[in-house]
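Here is a walk through one protein model. Keep the sequence and the structure in view as you read.

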Amino acid sequence: MKRAALLISMTIGLLLASFTARAQEVAPPDAATPPRLSLVEGQVSFLRPGAQDWAPARMNTALAAGDSIYTAPSSNAEFQIGKRAYVRVGESTQLQVTDLEPDYLQIKVTAGEASVDLRELLPGHTVEVDTPNAAFTVEHVGYYRFNVDQLATTLITRRGGSATLAAANGQTTRANASEELVISGTEAATVQTYAAPDLDSWDRWNYSRTDTLLDSLSVRYVPPDVYGAADLDHSGSWRTVPEYGPIWIPDAMPVGWAPYSAGHWLYDPVFGWTWVDDASWGWAPYHYGRWVFANGYWAWAPGPIVARPVYAPALVAWLGGVRVSAGVGVGWVALGWGEPLVPWWGPRGFVGTPWWGGWGGPRIVNRTVINTTTVNVTNVNVRNITYVNTRVHNAVIATSSEQLGRGAREYTRPSVEELRDWHPAERGIEVRPTVSNLIPGEGRAAHPPQEVVERPVVAMRAPRDPSPSLRAAGLAAPERAGPAPRVVSPTGGASVDAQRTVPVAASAPEQHAAVSPPAIERARPAPPPTFNDWRNRQPAEARELGAARPTPTPLPASNAQARGGQATHSEPATGAVERRNLPGEPAMKLRPTHADNATPSRSHESGAAAPCKERECR
């Protein structure tokens, strides 16, 4: 009897352990996909709490609560906050992301102009914009433009957008669709309401750029929640191969290039070590999917389309025991098809456990497809995993722990002999960050005027304090960059001294420079325009509206030129290289439509093509 009771107890314990392991696998930390800095035009500066000074901003930086952006004169920036939502920052503007949650974004604007273009906003989600004169709560789709000067804040709503503003005294006013509100003063704020003015060049560019970004060909192969799909359209080719389904091959990569070799590691207060790639397209392929080496080409394989993709700071395997010039260092390699990610961020129990979050394809360990209903992931010995891309020439990137910890980008390609003693790191990277890891790059950066930094704002909620996460990483807590906001509780009703100095008339239908959808036979659309580039293409009368804007900034001819590399894509090897054909067949033969669900899916069991399942397709 005692033996039977012991066996029953052990069985129950094993079942509970297995259930717990699977629950950990499907329950990553509750964190929102971070906003992506998707446009840097001119002199744009970046400051992360804990850093010593402003630094030049870099595209593909994942923004976190507390991050600040400053655009110098003749400069612009953009960051994506949702699959169909963007914030754009005009010249001479100081903006800070003060809080970020899965259903809430809070930003602060103390000077300049910014737009919030929401083509979609999920129910229950809120965007709060805090300014020196009032706090604005946005809970509906629409287009919102904010202008902040020394005397007043102006909000213009378009495309059915509406918002609620709260003044410093707590009184509220409703901004209806197609209205312009001018809020002057703080304690004794006055609100003047007008009909929305005609679109100017800034508005038309916002409309045109969003139209271009949303009319992407690559959305046929990636989930709609994945940011940066439009950047893939004009920087590579989609192919279809039997083993992986649709894959994307970047254009014009220099000889010897491999994924995660041209960029740097930035320390994120939520996700820890995060890869920031140099390429303009370097967001989606480094935070979703897997990299494969097909017929001599590196290709990004997004895998079957899933209902909810999950962001990862990087999809690499960290390697220990890799020898570099300074001794034994740290290495990394891109995860191959179906291989698990071993998280280095998040709560205890999640860190160090093989994880396939957001991956819809087969789950593979050491070239074997596993079934998570029968295999306990905690029984997978991380140190015994062999990653397929470690066998590809030049695929493993390495550096010393000291160089990585001080933000250096001095990477090496270990030889076969130097990789002899490598082994997977069981808990990912364990290098302590320094203040150098809080900035995306070195160099001189423009500083906002001190009076702009020190302007207080009105807010509905206190901003998030970044100090705890910095202390946990061994970094000193930052000094407050500006005064604490004036947190108010709305009292309802019209704001004190609110008046409509001009009756609000029905606005004429808005006209904007819409971008024509690509023709069926066109497989490579033009890149989305920057403001300067877009303005230069417009007729003279449109250019006059933005005469103060800078002259166009030429776009690089190719990613290879931007990196200083060669304009040919060939297999990384020494000596003569045989030219290879692109793998598979062209994937983009027709312009995709949202109603087309014919995208092939990969069977989890056999790897053969299978019809899309409802839980995998859009």
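Start at Gly360, which sits in the loop between β24 and β25. The model is a predicted one. Is Gly360 buried or exposed? Its relative accessibility is 8%, and buried means under 20%, so Gly360 counts as buried. Now look across to Gly289. Gly360 and Gly289 stand 71 residues apart in sequence. In space, their C-alpha atoms are 9.0 Å apart.

Gly289 leads to the cavities. The model has seven cavities of 30 Å³ or more. The largest holds about 160 Å³ of space. Its lining counts 22 residues, and Tyr288, Gly289, Pro302, Gly358 and Trp359 are the closest to its centre. What classes of residue make up this lining? There are 15 nonpolar residues, six polar ones and one charged one.

Next comes the second largest cavity, with about 60 Å³ of space. Residues that line this cavity include Val316, Ala317, Trp318, Leu335 and Pro340. Leu341, Val342, Trp344 and Tyr387 are also among them. So are Pro424, Ala425 and Gly428. Which strand gives the most to this lining? Strand β23, residues 316-324, does, with three residues. By class, the lining of the second largest cavity has eleven nonpolar residues, one polar residue and no charged residue.

Turn now to the aromatic rings. A pair of such rings is described by two values, the distance of the centres and the angle of the planes. Across the whole structure, a search finds 35 aromatic pairs. One of the pairs joins Phe271 and Trp345. Their ring centres are 6.3 Å apart, and the planes make an angle of 55°. The pair is tilted. Where do the two residues lie? Phe271 is in the loop between β19 (263-268) and β20 (272-277). Trp345 is in the loop between β24 (327-334) and β25 (364-365). The pair therefore ties together parts that are 74 residues apart in sequence. Phe271 and Trp345 are both buried. The loop that holds Trp345 also holds Gly360, the starting point of this walk.

Finish with charges over rings. Arg88 lies over the face of Trp205, 5.7 Å from the ring centre. Arg461 has its charged end over the ring of Tyr104. Here the distance to the ring centre is 3.8 Å.

Conventions. Residues numbered from 1 in each chain as written. Predicted model: local features only at pLDDT ≥ 70, side-chain atom pairs only at ≥ 80, totals over all residues. Heavy atoms only, no water. Phe/Tyr/Trp six-rings, centres within 6.5 Å; stacked < 30°, edge-to-face > 60°. Helix = DSSP H or I, 4+ residues; strand = E, 2+ residues; numbered from the N terminus. Buried < 20%, exposed > 50% of the residue type's maximum accessible area, 1.4 Å probe, protein only. Lys NZ or Arg CZ within 6 Å of the ring centre and 35° of its normal. 1 Å grid on protein atoms, 1.4 Å probe; cavity = no way out; pocket = protein on both sides within 12 Å on 5 of 7 lines; lining within 4 Å. Points joined across faces, edges and corners; volume = space filled by probe spheres on them. Nonpolar A, V, L, I, M, F, W, Y, C, P; charged D, E, K, R; others polar.
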